[in-house]
Number of protein chains: 4
Amino acid sequence: MRILFLGDIVGRSGRDAFVERVPGLRRDLALDLVVVNGENASHGFGLSPDMARAFLAAGADVITLGNHAWDRREIVPYLEEERRVIRPINFPPGTPGFGAVVVDVPGNRRALVVNAMGRLFMDPLDDPFRAIQAELAKHPLGRSVQATILDVHCEATSEKQAFGHSFDGMASLVIGTHTHVPTADHQILPGGTAYQTDAGMCGDFDSVIGMQKGGAALRFWRKMPGERLAPAEGEATLCGLFVETDDATGLATRVAPLRQGGRLSQTMP
Amino acid sequence: MRILFLGDIVGRSGRDAFVERVPGLRRDLALDLVVVNGENASHGFGLSPDMARAFLAAGADVITLGNHAWDRREIVPYLEEERRVIRPINFPPGTPGFGAVVVDVPGNRRALVVNAMGRLFMDPLDDPFRAIQAELAKHPLGRSVQATILDVHCEATSEKQAFGHSFDGMASLVIGTHTHVPTADHQILPGGTAYQTDAGMCGDFDSVIGMQKGGAALRFWRKMPGERLAPAEGEATLCGLFVETDDATGLATRVAPLRQGGRLSQTMP
Amino acid sequence: MRILFLGDIVGRSGRDAFVERVPGLRRDLALDLVVVNGENASHGFGLSPDMARAFLAAGADVITLGNHAWDRREIVPYLEEERRVIRPINFPPGTPGFGAVVVDVPGNRRALVVNAMGRLFMDPLDDPFRAIQAELAKHPLGRSVQATILDVHCEATSEKQAFGHSFDGMASLVIGTHTHVPTADHQILPGGTAYQTDAGMCGDFDSVIGMQKGGAALRFWRKMPGERLAPAEGEATLCGLFVETDDATGLATRVAPLRQGGRLSQTMP
Amino acid sequence: MRILFLGDIVGRSGRDAFVERVPGLRRDLALDLVVVNGENASHGFGLSPDMARAFLAAGADVITLGNHAWDRREIVPYLEEERRVIRPINFPPGTPGFGAVVVDVPGNRRALVVNAMGRLFMDPLDDPFRAIQAELAKHPLGRSVQATILDVHCEATSEKQAFGHSFDGMASLVIGTHTHVPTADHQILPGGTAYQTDAGMCGDFDSVIGMQKGGAALRFWRKMPGERLAPAEGEATLCGLFVETDDATGLATRVAPLRQGGRLSQTMP
Ligand SMILES: [Fe+2]
Ligand SMILES: [Fe+2]
Ligand SMILES: [Fe+2]
Ligand SMILES: [Fe+2]
Ligand SMILES: [Fe+2]
Ligand SMILES: [Fe+2]
Ligand SMILES: [Fe+2]
Ligand SMILES: [Fe+2]
C-alpha cells in the first residue's frame, strides 16, 4: 500500500497548500491512502466541519486531531456523523467521537488509523499505550487490516519513540504530530514499522509553530497577555512522510519524507 | 567561516563516533570551528573532564552542556579551568563555570558561543532571552566576533523558534539541542541567521533518545522504578548542521545538515 | 464510628511521634479506626516493611502511600502479603499491591479505605476519579461498609476539592495528603462527607515539608545538585483529622482537626 | 504594629465579605495595616480599578496580585497611578506596575509590602528569591521600615516554606497565597518571622477554589471545554492571619489566624 501522512495543517496557508497539492500528489505518487492531522486548520485552533469536508474532498482519507480537537465546537456533532475524522483515543469514556477508524482502500484492502495523545508535558488523559494496544488487538495487522497508522500526538520525543518501539511489528507506521517541526529520523524500525518522531506541519515556517513570529516570540519576553495569535500567512511547506508497505504483512518496505513548497528544503519520495 | 555544530553526544557509542569521525570531517569539510553538545556523554548523564579532553583533542573547539551539566560532579572544578567547556548561561548567579566563550579561529578571527536553557517544560531558571541579549551586546557580530553560535537547549519547538526569530540577524546560527532528534527545518532566516530546531544527537537511533529501548519504553507502561537506564550500544549517527558564513557580516550564506553513520538517512554538506 | 486519619509520616521524628502517641490517642478518643499515610516514613522516601509493622502494631488499621510508594523496594513483596498497606489505586494494570482494602472494625462493622493519586502537576496515571467510582460501587456506603475513607494524594487544591464534591454523600471522609501542610478547611460537605484539603504531615514543622530547611531552601537558590536531603529532626507535630460517623448511613456527624506535639498550634478533637 | 493579611478575594461573595467586615475588623482589632490579595476579585479573574478603589476605601492599605494580575486589562494603567496596588515583583523588566511598596502607618511608622510569584508548577519568571532579597536590602527591617510583609504567590508548599526560612529574621511576615485554602501551620519561625503557608481565600468554601463546584469538578472527569467557570455565590469565609510585631525590631510577637463567615470553622485573633 502506498501511504502519505501529512502533519498538522495550520491556518489558511496550510489549508490552501493541502487542497491545492494533494490531488496532484495522490496521482503522481499513486497513493492509496492519505492521512492528515487537522487540529490547527481553523486559524490555528481546531477544525471546522467545512474545512474537514474540503480536506476529504481534496483527497484525505482520514483526518486526525489532537489537543486542539475541541477548539471549534461545531466539530462535536460532526465527529458523530463523519467517522473519517477521529480524535485522540485516550480521552475519557463519554467523550464525543471516536479514536480510531477502519477505512476501505482500493483493491479490497482496509486500513486502521488510530490517533492518540501523549501525556508527558501534556494534560492528564487515559493511558495511550494500553488504548492503542487494545485497538490493535481488534484489528490484527496483515489479517483484518492491510495497514495500520498510529498518529501519536506528543510533546516529548522520548514518549514518541516509546510508542514506536512498543508497537514495532504491530503497525505499518508510527508517526508523531504536535511539535509542528518535521524530524529527520524517518526509518524502518527492526520489527518492520515505519517511524518518524514528528511529521512536521503544513504551514508557513517563517513563524513560531505556524503562528506569526512577532507576537509569538514576544510571549517569551513579556509575561502579559497580548493580542490573540494569528497564523503566519507566507507560503506553507507541506510536510509529511511517504510509506510503502507489503500488503501481506502490513509492514513497511520503504519510507521517504515529503516537503513541498514554502521555506523548507524540498524533498519528494 | 565554515562551522559544524553537532548535537548531544550520548554514551560510548556517541563518544566513539565523535572521536573517530571528527578529525576527518574537519579536514574534508575544511572546518574552521566545531561545536558539540556533550551533556550526555557519560553513560547518558553528564560529561567527565577526561571525555571533554578527548573531544577537544579530536577537534571540538567548544563543548556546550544543558540540564545534565552537573550529573558528573568532577566537571565543576574543570569548568573553571577549561574555558572552552560552557554550561547554560541562565543558571543563577554564583553557579560555577561560564555560559559563553569567545574562541580564536584561524585567520585572525574570533567566534562567540553561548549555551542557554529554555524554560518551557523545564526547570525554573533565569531569563535566557535577556541573558543572550546581554552577551550579544558585549560581542557585536561582524565587529568584535566574526561568528556567533547560540545553542538553545529546550524542550519546546515554540521556544526554540522564538530564540531563532528574536536573534535573527544578530547571530550566525541559532540551533536547538536536548530533544535528541534532528529536525529537518534547517534554513536561513530572513535576517541572515542559520537556524535548526534541533541538531539531533550523536548516538544510536535504535533507542529512546539514546538509551536502551526496552527499559526506556517500559517506563511509559509501568510507573515503578526499574533498573537504571543505560545508553544503547548500536552504531551512532553523528547529527549536526554545517553552516558557512560571511566573515564581513557574520551571517549565514549556506546551511546543510550532516548525518553520518548508524541508522538515519545519510547526508553530507 | 470514630475515625482518625493522620497525614504523611516523615522520617524518624514522625515515626517516633506516631508510635508513641497513637496508643494513647486510640484509648483517649475511643477510636475505632486509624488510617495513616506512610509514604515518607523511611528517611523521607518510602516505607520499609519493618516500619509498616511498627505502625500497625502501634494502632494503625490501614497505611496508605503515594508517589513515594516504591522508594523502598522491599515494600513490593510486602504489599502482596499485608493487605492493610495500600498504594494508589490508579497506578497502571499490573502494578504490585492493591489500591483499596476493606477492614473489619469492632462491633461487626467494616470500613473501606481507598488511596488515589491526583494528576495535576504530577505523573501521568490512570483516571483516579473513575477508579474511585468503580471501587465505591463495589462497596456501597451504609450497606456493605459502614465507613469509607478516600486518601487523595494530590498537589493541587482544586483537584482535591473536585474529589470532595464528586464523592460527597458516597464516602465518610475525603482527605488530601502529599503537601505536608495541614489545611484549616475541615468541614462536612452538603452531602454529608467530611472533607479536608490536606491532613498535613507527622513531622517536624521547622523544615521544608519535613526535610532539613537549610539544604532544602538552598535548592531554590541554586540549581546544582547538592547533598541528599535528610529529614528534620525536631519534635514532630502529629497532624490529622478526627471524624465521627453515623453507622447507619456512613456519613459524617462531626469533624475536628488534631495537631499534637512540635511547633504547630495544638488542637485535640 | 497590628497587621491583618487576607487571602485572595474571589468574586462578588468575597468582595462583599471584605467590604462589609473589614471596617469593623480594623476597629475591633485596632489594626494598623491591612493587606489583601485581590487577583480573583473580578468574577474569579483579575481585579478592576473600581474594585481596587472599593477595597482601599473599605480599609485595605495595600492590595497584592498574582498570576491573574492581567486578567482585567484596565488594571494596567491603574497600577502606574495607584502605587498601593502591586503585582509580582519577578515579572520581567518592562512589566507595568511595581512589585513592592512602602506605605505610611500611623505613629510615624512605615511598612514594606512585596508580592512575588513562585515558579514551581507555575509560569517561567525571574528569580523571586533574589528579587525579594534585593528589595529587602533597600528597606532594612527595624530601620527604614517597621514592618515587612512578603506575599509569596505559589503552588507548592515546599517553595513557600523555602521563602519563609530564607527570609526568617528579615521580614515580619511571610505568607502564601494562590491555593485558596487556609493552612493551619501559622507559627513564628526561629528567627522571628511570622509564617503561614497559605492565607486561604475570601470566598465561598462550598466550591472548587471559589468557583462553582459542579462545573469545576466536571473538568476533572471530562476533557472538553465547558462553560466558563463562575464564582460560587454562597457566603464567603474571610480568611487571613493576624500578626503583632515589635516596632523596634519589626519581628513578630504574636500570630493568630482569622476565619470569619461562611462554612469554615470560625476563629478570631
Ligand atoms: Fe498541532
Ligand atoms: Fe497539538
Ligand atoms: Fe541531551
Ligand atoms: Fe538536555
Ligand atoms: Fe507525596
Ligand atoms: Fe508525602
Ligand atoms: Fe493565583
Ligand atoms: Fe488566587
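In this predicted model, 42 residues from chain B meet 42 residues from chain A in contact. The briefing takes up that interface, then the one between chain C and chain B, where 14 residues of chain C are in contact with 14 residues of chain B, and finally an iron site in chain D, whose protein donors include D:His153 and D:His178.

**Chain B with chain A**

- The area buried between chain B and chain A comes to about 3,800 Å², and carbon and sulfur atoms supply 59% of this area.
- On the polar side of the account, the rule finds zero salt bridges across the interface of chain B and chain A, while 18 residue pairs, both members at pLDDT 80 or more, are counted in polar contact.
- The elements of chain B that contribute two or more residues to the side touching chain A are α4 (128–138), α5 (157–166), β8 (187–188) and α6 (213–218), and of these α5(B) gives the most, with seven residues.
- Sorted by class, the side of chain B that touches chain A consists of 19 nonpolar, 13 polar and 10 charged residues.

**Chain C with chain B**

- Chain C and chain B bury about 1,100 Å² between them, with 69% of that area lying on carbon and sulfur atoms.
- Within chain C, the residues that lose the most area to chain B are C:Lys223, C:Met224 and C:Pro225, which together account for 49% of what that side buries.
- Here too the rule finds zero salt bridges across the interface of chain C and chain B, and it finds two residue pairs in polar contact, both members at pLDDT 80 or more.
- By class, the side of chain C that touches chain B has 10 nonpolar residues, one polar residue and three charged residues.

**The iron site in chain D**

- The iron ion (ligand 7) has as its protein donors D:Glu39 (OE), D:Asn67 (OD1), D:His153 (NE2) and D:His178 (ND1), which lie 2.1 to 2.2 Å from the ion.
- Along the chain, the donors of the iron ion (ligand 7) follow the spacing E-x27-N-x85-H-x24-H.
- The arrangement around the iron ion (ligand 7) is irregular because its four donor atoms subtend angles of 84 to 147°, whereas a tetrahedral assignment would require all angles to lie between 85 and 135 degrees.
- The iron ion (ligand 7) lies 3.4 Å from the iron ion (ligand 8), and D:Glu39 coordinates both.
- D:His153 sits in strand β6 (residues 147–153) of chain D and D:His178 in the loop between β7 (173–177) and β8 (187–188) of chain D, so this pair ties together parts that are 25 residues apart in sequence.

Conventions
Residues are numbered from 1 along each chain as its sequence is written. Chains are lettered from A and ligands numbered from 1 in the order in which they are written. This is a predicted model: local features need pLDDT of at least 70, side-chain atom pairs count only at pLDDT 80 or more; totals for chains, interfaces and linings use all residues. Side-chain values use heavy atoms; hydrogens and water are left out. Contact means heavy atoms within 4.5 Å. Buried area is the accessible area (1.4 Å probe) that two parts lose on being put together, summed over both. A salt bridge is a side-chain nitrogen of Lys or Arg within 4 Å of a carboxyl oxygen of Asp or Glu. A polar contact is a pair of N or O atoms within 3.5 Å; within protein, one must be able to donate a hydrogen and the other to accept it, and residues adjacent in sequence count only if both atoms are side-chain atoms. Helices (H or I, at least four residues) and strands (E, at least two) are DSSP runs, numbered from the N terminus. Ala, Val, Leu, Ile, Met, Phe, Trp, Tyr, Cys and Pro count as nonpolar, Asp, Glu, Lys and Arg as charged, and the others, Gly among them, as polar. Donors are N, O and S atoms within 2.8 Å of the metal (3.2 Å for Na, K and Ca); water is not among the atoms, so sites may look incomplete. Four donors count as tetrahedral if all angles lie between 85 and 135 degrees; four count as square planar and six as octahedral if opposite donors are over 155 degrees apart and all others between 65 and 115; anything else is irregular.
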